[in-house]
Amino acid sequence: MSGVTPDTVRRAAELALALLSPASASDKTFEAGDTCIRLQGPDIPATVPMDLATPDDVATSVDFQAQYTLTIDAPRRVLELTWSAGEALRILCFSRGDWEQELAILSDVPAISPPGDAITGTSWMRMQGTRDALLNRVLTDNDLSEVPLSNMRTPETHALTQRPRELAPERDGPVSSEASQKSAADHVQLIRAKATALGVTKTGIIDLRPEFIQIGKQLDHKWVIGLVNAEPYANVLGGAAAVEWGAHDAYRQCAESATSLARYIREELGYSALAHHNGGCEVQALPALYHAGIGELGRHGSLINPDIGAFWRPGFVTTNLPLEGGAPLEFGVQDYCLKCRLCETACPGDAISPAADFIVTGGIKRWLIDNEKCFPYSRLKEEYCHICVDVCPYIHKENGDAQAKRIFKEYLGLRKAAGAGAAKSGVAAASANQ
Ligand code: SF4
Ligand code: SF4
């Protein structure tokens, strides 16, 4: 889907307001099938302000008090706009799905044409930390000014979170004047070998497309290289802090390997290359990695790889080095997710959709995670939450790794002994059969 722009969203909001804005309105709801448009506010305006604060623009302050909200659930929350008198309209939440096409048709907005050879992004990306507007509002709603988890981190874990930021100035750099004359197939081999030497667990390559790039950003590159670093699964036995340490160490590895690979392409192969990681990233991870063949989308919203499950973190390099792209990898995950309930029943926030509650985008089932329900557990607690991935059986199911299977069973046993899922009968019953 291309052509979803701030203008599209603004027009969608205007459409909703046109449906719902009699002068005396206060709270209004419009429902059609699975789609629900809900407008709430003390004095609903006839038109939306002309200025629009996208997730990229929303201030990090948490003192914004919205008076009006417009939400679209189809069936999960896919769009939330909020604004206050005299304030810019803010997009707090934006998920992707077939509904976008309906909005684009309604708004009649043409697709964006990139200037020159650069590709202009069309994908809405969540921001990091309190730059995430939805998290910002959840904090405000809970009278918090910062994420409690951030203050609970050990100095070691905190240092890991800083490393990608330290590498930010090295994302780009000078390019050698001697460009490699090898074939695209040879370059693929070189890149895979270099990534492996850098410690990368999985490498995927795909041609760069507008839907892989943050909306409004431009990248003058033709390819994106996905670099996946596995997290140590045994850390689930060490508790939430150990899992969090593993996650941030994997993100550190992603930043290191993406920085080194981009430098290698620029300085030794003679082509422009830009590293993308937690210190700066314009790449939308999941669609790029799916098309590059890293894995299949699970119900918990993460890509599942047959060898390492969903227990990994990604970094990226975009480049003009001539390459060849991969293809999606399908091995039955989406069918399995229709009968497995482990992540759904283990989630403390009830944020994961039931099996039948999916949308289809480009032929791929997508179960939307309700971030508003997830955040109180994954961000507002003093303990890291990664449970939906921790309980996913694909850590051992496809690769037949006996040690991973032993850890998986021991972990589910620990959860059961601790009373997890006692009110959710599916956890114990389902785990017995994995
Ligand atoms: S991170 Fe935790 S709260 Fe969020 S969806 Fe996963 S299990 Fe649920
Ligand atoms: S835990 Fe089960 S339902 Fe959830 S993503 Fe993994 S296989 Fe799919």
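Guide: Ala, Val, Leu, Ile, Met, Phe, Trp, Tyr, Cys and Pro count here as nonpolar, Asp, Glu, Lys and Arg as charged, and the others, Gly among them, as polar. The model is predicted.

Visitor: How do the residues of the shell around ligand 2 divide into nonpolar, polar and charged?

Guide: The residues around ligand 2 are G298, R299, H300, Y336, C337, C340, L342, C343, V391, C392, P393 and Y394. Arg counts as charged and Gly as polar. The division is 9 nonpolar, 2 polar and 1 charged.

Visitor: From which domains does the shell around ligand 2 draw at least three residues each?

Guide: Helix 9 (333-337) and helix 10 (342-346) each supply at least two residues of this shell. R299 and H300 are also among the residues around ligand 2. At least three residues come from each of domain 2 (155-319) and domain 3 (335-431).

Visitor: Which element gives the largest share of the shell around ligand 1?

Guide: Ligand 1 is surrounded by C347, P348, G349, A351, I352, I369, C374, Y377, S378, C385, I387 and C388. Two elements, helix 11 (371-378) and helix 12 (387-390), give two or more residues to that shell. The shell divides into 10 nonpolar, 2 polar and no charged residues. The largest share, 3 residues, comes from helix 11.

Visitor: Which strands stand at the edges of the open sheet of 4 strands?

Guide: The order in the sheet is 8-10-14-11, with antiparallel pairing. Each edge strand has a single partner strand, so one side of it is left without a neighbour in the sheet. From one strand to the next, the twist averages 20 degrees. The edges are strand 8 (202-207) and strand 11 (273-276).

Visitor: How many bridges join strand 10 to strand 14?

Guide: Strand 10 (residues 223-230) pairs with strand 8 over 6 bridges, in the antiparallel sense. In that pairing T203 stands opposite L227, and I205 opposite I225. Towards strand 14, V224 of strand 10 stands opposite T318. The number of bridges joining strand 10 to strand 14 is 8.

Visitor: Why is strand 10 largely enclosed by the rest of the structure, and how many of its residues are buried?

Guide: Helix 6 (residues 184-197) lies across strand 8 and strand 10, at about 145 degrees to strand 8. Helix 7 (residues 240-269) lies across strand 10, strand 11 and strand 14 (312-319), at about 20 degrees to strand 14. A residue is buried if 20 or more other C-beta atoms lie within 10 Å of its own. Strand 10 is largely enclosed because its buried residues number 7 of the 8.

Key. Residues numbered from 1 in each chain as written. Chains lettered and ligands numbered in written order. Predicted model: local features only at pLDDT ≥ 70, side-chain atom pairs only at ≥ 80, totals over all residues. Pairing = 2+ DSSP bridges. Axes fitted to C-alpha atoms, helices over the stretch in contact; angles between N-to-C directions. Contact = placed C-beta atoms within 7 Å. Near = placed C-beta within 6 Å. Domains from an automatic or database assignment. Buried ≥ 20, exposed ≤ 12 C-beta atoms within 10 Å, placed from the backbone.
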